[in-house]
Amino acid sequence: MRLPDLRDFPFYRPRLGRGAPEPWALEELEDHAARHDDPFGGRLRAGVRPPVALQIEMTSEPPVWSGLQPRELSAWARVLSRLWERFGLEAGQTIAFFDYGSNPCVLLSSSIYVSHLKRGAATGLGANVICNDGVASMTGRFLGILETVRPSALVVRRDLVAPLADAIATQGRRGEGALRWAAVAEVEGAPASREAHRLSDSLGVPVRRLLRADAAFLISGDCAACGFFHLDRGYHVEKLPEGQVAVTTRFAAECPAVRYRLGAGEIVAPGCRSEPAAWRLAWS
Amino acid sequence: MELTRRVAEPFDRLDLLSPAALRRWWTARVRRVLEIAVAELPFYRDRFSAAGFDVASFRTLTDLARLPTFRKKDMLAWQSERGSHRLGIERSVDPRAGETLTVSSGTIGTTFLTINARWRRVQGKSSARAHWWAGFRPGSAFVISAPAWHAYAAIQPFLAEFFEAQCIVVSGTYLPRYADRIVDALRRFRPRYVAMFLPMVFPILTAARRLGVEPRALFDGVEVLLVTGAPITAGMGAHLRELTGVARISEAAGATEGVLAMSCTESRGLHVSPDTCYVEALDRETRLPVAPRSRGTMVHCFLIPEGSVYLRYDSEDVVTIDDDPCPCGLPSPRIKIVGRWENSFRFGAQTLVPYDVQLALEEGVPETVGMPFIISREGLDAGKLRLLVSEPARDAPALAERLRACLEGRFGVASDIAWVRELPVAVKGVAPVLSERQVG
């Protein structure tokens, strides 16, 4: 997918020098949204009305929205689908989420959760999907899901690792034998390794970490073989001064994500045996 | 097929059937679903066989009485027995496609519904019909207001596509602490049609005021506010209209297991969406149909033979059915779900639900419309009607006396009003029965 002409976008226009725009972070998008009273923070062309608008969870003052066309939703879901496949999700298995439905990892996994998505990232693989609302008071219901639905995979919001681990400690593991792996997700960035270890100890299965940056439509997962986060071919990463990393999302045209500053990390060249062509990211 | 031409804006030809023609349509549709169930769904094959029911003998809708009903308690027992959420009621024509499970939660436990793409398409169209009746039309933004665990979450994105609307996905979930995010969505996208769970409407209004936005400004440009999740009284409808300035307050009701009903322009009950379900109101003891407009337990057949198929399912909702002609011209009967039997309570020969108390108060003491209250479980256990009510700014003793007199006059039972400083914001608009310990 070809990137659009960034001069058409109010957010990028002042950031353009002779070539690529200056790298930017979420706060700058919030600033633009606040100053111009623009819910999309200047990342839409004038007069454009995207069929799908997502509120970026990490933004709050004001909340900033991103917009997507159906083909971009599909491309984003394909990124996630490849990730679920790499983690081991197969047809006939069930993936259970303990998070909000607005987390793109949930939203894109089934074609029923959002308009215009023809093939969900998990349902498209032939896998089943269930979501439990991402609030600690729903931990009991999640244990019921583990026991009755017996998912093969779990994705748990980072702030729910502790209540889930506590509930398992007092009430025992549920659905043992069915569960193969789990993953922990953070609202922005990646959870600390200790969160993954804690959940792994509690569930008795390997736990992967997810890296998420909704403003850039980025979803990535770490790798059991090399320990780094593998980057899908939908993303291009570059090194910035002072150990920072920026990402450009190739499939985002309606609401471009060009040189989004992810934070401190290190780019690692391809070479992992599990996905030899993938660029990787070392992220603490 | 016998048609009526009285519907001002029909969704399609099904809306134009006469009531008699609709019954014939329903009979054929129920028969088809029964045939599929017995051919493909082990749960029903065994159940029909045990009841000595032969689908070939099904002639009229009254033949449904020969089929046993089942309830959530039964499903939970079967789930536990089988160690699985799959009970043999799940149908999928494409075994390669993944399914999505939604949750039916309740006080006694959780059951699961299987949804697939075909279910969504057919149920989505039926839901579009209902939303059309509610006043929704193409071209507005559609703010998704159902969390992903809920079956409505499978419908709303379809509706956005169907009505060529922008699909607006708010981050977080539908709890009061996220209300400011919903306020942002309403302010930014200015939808003309808004669907909300009633318990969320009040936290949203509170959040808007906190952000310096008056409710009427927040809903400026909204033509229809569709509320669901709790039965609304006429007074509550008027209260919402007054608060928000929205001219049309519509009501949707149903059951996760496949009941959908929607108010029409006349607001005299909620028309059953005929291509979703066929609904009966049965006496809880005799299991025979109750008289029109009398209260019974809601038993339904889901008429979309995809995903989880519920046939003669007793959702244990308190329902009335009115099949008198509606001035709007729609042929399907109107239902009103006024609560759940588990929240009902008895005084002498009367069985009441919180809705009755709300209705009595708004008729007897009109200024209490919209005033949140809780019915004390301890009070009921002691044989009296004790309400916990948010204390008004002035004249509390006089108001308490009027409320008490109203309740005693209406229900003939000792009543008591306890003022509390504040009730949880989530209960506003929905009067629950709670222990006073839960209120704090």
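**Exercise 1. Describe the overall make-up and dimensions of chain A**.

Solution. Chain A contains six helices and 14 strands. The model is a predicted one. The next step is the extent of the chain: along its principal axes, the C-alpha trace of chain A spans about 60 × 40 × 30 Å. For 284 residues, a compact globule would have a radius of gyration near 19 Å, and chain A, with 19 Å, therefore agrees with that expectation. Burial can then be added: 55% of the 284 residues in chain A are buried. Finally, among the contacts in chain A with a separation of 6 or more, 64% are between residues 24 or more positions apart.

**Exercise 2. Trace the sheet of eleven strands, identify its edge strands and state what packs on it**.

Solution. Begin with the strand order. The sheet is open and runs β13(A)-β14(A)-β9(A)-β8(A)-β7(A)-β6(A)-β5(A)-β3(A)-β4(A)-β3(B)-β4(B), with mixed pairing. Two strands pair on one side only, and these are the edges: β13 (266–268) of chain A and β4 (111–115) of chain B. On average, and ignoring direction, neighbouring strands of this sheet are turned by 30° against each other.

Next, take one pair within the sheet. Strand β5 (residues 153–157) of chain A runs parallel to strand β6 (residues 181–185) of chain A, and five bridges join them. In this pair, Arg157(A) has Ala185(A) of β6(A) opposite to it. The last step concerns helix α4 (residues 139–148) of chain A, which packs on the sheet and touches β3 (94–98) and β4 (128–132) of chain A. The direction of this helix makes about 160° with that of β4(A).

**Exercise 3. Characterise the contact between chains A and B from the side of chain B**.

Solution. First, count the participants: chain A contributes 42 residues and chain B contributes 36. Second, locate them. On chain B, at least two residues each come from β3 (100–104), β4, α4 (117–134), α5 (152–162), β6 (167–169) and α6 (179–189). The element that gives the most to this side is α5(B), with five residues. Third, consider composition: the side of chain B that touches chain A holds 18 nonpolar, eleven polar and seven charged residues.

A further step is strand pairing between the chains. Strand β1 (residues 52–55) of chain A runs parallel to β6(B), to which three bridges join it. Within this pairing, Leu54(A) has Val169(B) as its bridge partner.

**Exercise 4. Establish how far helix α5(B) is covered, and by what**.

Solution. Of the eleven residues of α5(B), nine are buried, and the helix is thus mostly covered. The buried residues are Tyr152(B), Ala153(B), Ala154(B), Ile155(B), Gln156(B), Pro157(B), Leu159(B), Ala160(B) and Phe162(B). The elements covering them include β3, β4, α4, β5 (142–143) and β6 of chain B. After α5(B) comes Glu164(B), which has a positive phi near 50°.

**Exercise 5. Which residues touch the most other members of the largest nonpolar core, and what surrounds Ile168(B)?**

Solution. The largest nonpolar core has 222 residues, and those touching the most other members are Leu80(A), Val156(A), Val247(A), Ile168(B) and Leu225(B). Helix α2 (residues 70–87) of chain A gives the most to this core, namely nine residues. Turning to Ile168(B), and not counting residues up to four places away in sequence, its contacts are Ala53(A), Ala141(B), Phe142(B), Val143(B), Ile144(B), Ala185(B) and Phe189(B).

**Exercise 6. Is Ser171(B) buried or exposed, and where does it lie?**

Solution. Ser171(B) lies in the loop between β6 and α6 of chain B. Its C-beta atom has 23 others within 10 Å, so Ser171(B) is buried, the threshold being 20 or more. Leaving aside neighbours within four places in sequence, Ser171(B) contacts Gln55(A), Ile56(A), Glu57(A), Ser102(A) and Arg181(B).

**Exercise 7. Describe the open sheet of four strands in chain B and the helix lying across it**.

Solution. The strand order is β21-β20-β19-β22, with mixed pairing. The edge strands, each pairing on one side only, are β21 (415–420) and β22 (433–434) of chain B. Strands β19 (residues 373–376) and β20 (residues 385–390) of chain B run antiparallel and are joined by three bridges. Here Phe373(B) stands opposite Val389(B) of β20(B). Helix α12 (residues 396–411) of chain B lies across β20 and β21, at about 145° to β21(B).

Terms used. Residues are numbered from 1 along each chain as its sequence is written. Chains are lettered from A and ligands numbered from 1 in the order in which they are written. This is a predicted model: local features need pLDDT of at least 70, side-chain atom pairs count only at pLDDT 80 or more; totals for chains, interfaces and linings use all residues. Two strands pair if DSSP finds at least two bridges between them. Axes are lines fitted to C-alpha atoms, for helices over the stretch in contact, and angles run from 0 to 180 degrees between N-to-C directions. Two residues are in contact if their C-beta atoms, placed from the backbone, lie within 7 Å. Ala, Val, Leu, Ile, Met, Phe, Trp, Tyr, Cys and Pro count as nonpolar, Asp, Glu, Lys and Arg as charged, and the others, Gly among them, as polar. A residue is buried if 20 or more other C-beta atoms lie within 10 Å of its own, exposed if 12 or fewer, and partly exposed in between; C-beta atoms are placed from the backbone. A nonpolar core is a set of buried Ala, Val, Leu, Ile, Met, Phe, Trp, Tyr and Cys residues joined through C-beta atoms within 7 Å. The radius of gyration is taken over C-alpha atoms; the globule rule is 2.2 Å times the number of residues to the power 0.38.
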